[in-house]
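Q: I have a new structure to read. Where do I begin?

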Amino acid sequence: MVTTVHATSAPLRADAARNRSRILEAALRRVAERGLGDLTMSEVAALAGVGKGTVFRHFGDRAGLLLALLDHSEKQLQTSFTSGPPPLGPGAPAEARLRAFGRAVLRQMVHTVDVCLAAHMDPIRRFTTSVYMARLAHVEVLLQEMLPTEDVELLAHVLMAFLDPALTLALINQHGMTVDRVEAGWDDLLSRLTASRDRVGCDDE
């Protein structure tokens, strides 16, 4: 089951649903190109080709739009890792899925990191959001398959820390790292985990 940021409301009319999707896609493109900074509801309306009132009716205010952007992006990601094609989706070995998951999260964050930080400023609350808990549960399940004798509950939180939006932003903007380098770090971290598992297996023989 896909866990989203908000509970699903009553279905929208087809034209209203199209407008909502158009607004979200326009806002995501704008944030990806120029960041969150001076984003306004009026600008989003113009980019989406709808009236400003339409944007306010759908999202209420700027904060509501930010949360909806996260929800929209997260639905796409969660659909990919719960029911999409492998290696991100079912059908691939747990280690391959976990590698693909980390890369997918990092790539998503490149486009939404400003939104993530603005929507979840509370440093504690961000670890109890539905998005975090859904991702955490997915990582735990894969770790349980990979490392059944380890403390996978704690290890899942440690791996999720590597995928924290604030850390990703700092690595890229403050330390000048490329996304490819951060992804390589994720792969290296998982390789070290599996190497530790394999060494234990050899010692037991």
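A: Begin with one term: contact means heavy atoms within 4.5 Å. Take Glu183 as the case: Glu183 touches Arg103, Leu106 and Arg107, with residues up to four places away in sequence not counted. Keep in mind that this is a predicted model.

Q: Where does Glu183 sit, and is Glu183 buried or exposed?
A: Glu183 is placed in helix H9. Buried means under 20% relative accessible area. Glu183 has 10% relative accessibility, so Glu183 counts as buried.

Q: How do I get the overall layout? How many helices and strands are there in the protein?
A: Count the elements, then read their order. The protein has nine helices and zero strands. From the N terminus on, the order is α-α-α-α-α-α-α-α-α.

Q: What share of the residues count as buried?
A: Of the 205 residues of the protein, 40% count as buried.

Q: What do contacts say about residues far apart in sequence?
A: Look at sequence separation. Take the contacts in the protein with a separation of 6 or more: residues 24 or more positions apart account for 67% of them. Here is one pair in detail. Phe101 and Arg135 are 34 residues apart in sequence, yet their C-alpha atoms are 9.2 Å apart in space.

Q: What surrounds Phe101?
A: Place the residue, then list its partners. Phe101 lies in helix H5. Its relative accessibility is 0%, so Phe101 counts as buried. Leaving out residues up to four places away in sequence, Phe101 touches Phe81, Leu88, Arg135, His138, Val139 and Leu163.

Q: How do I read a nonpolar core?
A: Ask which members touch the most others. The largest nonpolar core holds 29 residues, and Leu98, Phe101, Val139, Leu143, Leu159, Leu163 and Trp186 touch the most other members. Next, ask which helices supply it. H4 (62-83), H5 (94-119), H6 (130-146), H7 (152-162) and H9 (179-204) each give at least two residues to this core. H5 gives the most, with eight residues.

Q: Is there a second core, and which residues does it include?
A: A separate core has 22 residues, among them Ala26, Met41, Ala48 and Val50.

Q: Back in the largest core, what does Leu143 touch?
A: Leu143 is in contact with Leu98, Pro148, Val152, Leu155, Ala156 and Leu159, not counting residues up to four places away in sequence.

Q: How do I describe two helices that pack together?
A: Two packed helices are described by the angle between their axes and the distance between the axes. Start with H1 and H2. Their axes come within 8 Å and cross at roughly 110°. H1 and H2 are therefore roughly perpendicular to each other. The crossing of H1 past H2 is right-handed.

Q: Which residues make that contact?
A: H1 brings Arg22, Ile23, Ala26, Ala27, Arg30 and Arg34, and H2 brings Glu43, Val44, Leu47 and Ala48. By class, the contact of H1 with H2 has six nonpolar, no polar and four charged residues.

Q: Is Arg30 buried or exposed?
A: Arg30 lies in helix H1 (residues 14-34). Arg30 has a relative accessible area of 2%, so Arg30 is buried. Leaving aside neighbours within four places in sequence, Arg30 is in contact with Gly35, Leu36, Asp38, Leu39, Glu43 and Leu47.

Q: How do H2 and H3 pack?
A: Read angle and distance again. H2 (residues 41-48) and H3 (residues 52-59) pack at about 110°, with axes 8 Å apart. H2 and H3 are therefore roughly perpendicular. H2 passes H3 in a right-handed crossing. Met41, Ser42 and Ala45 in H2 meet Lys52, Val55, Phe56 and Phe59 in H3. The contact of H2 with H3 has five nonpolar, one polar and one charged residues.

Q: At what angle do H6 and H7 pack?
A: The angle is about 125°, with the axes of H6 and H7 9 Å apart. H6 and H7 are therefore oblique to each other. H6 passes H7 in a right-handed crossing. Among the residues that meet are Tyr132, Arg135, Val139 and Leu143 in H6, and Val152, Leu155, Ala156 and Leu159 in H7. By class, the contact of H6 with H7 has nine nonpolar, two polar and three charged residues.

Q: Last, the backbone. Which peptide bond is cis?
A: Look at omega. The bond from Pro86 to Pro87 is cis, with omega near 10°. Pro87 lies in the loop between H4 and H5.

Conventions. Residues numbered from 1 in each chain as written. Predicted model: local features only at pLDDT ≥ 70, side-chain atom pairs only at ≥ 80, totals over all residues. Heavy atoms only, no water. Core = buried A, V, L, I, M, F, W, Y, C linked by side-chain atoms within 4.5 Å. Buried < 20%, exposed > 50% of the residue type's maximum accessible area, 1.4 Å probe, protein only. Helix = DSSP H or I, 4+ residues; strand = E, 2+ residues; numbered from the N terminus. Axes fitted to C-alpha atoms, helices over the stretch in contact; angles between N-to-C directions. Parallel < 35°, antiparallel > 145°, perpendicular 65-115°, else oblique. Left-handed = near helix turned anticlockwise from the far one by under 90°. Nonpolar A, V, L, I, M, F, W, Y, C, P; charged D, E, K, R; others polar.
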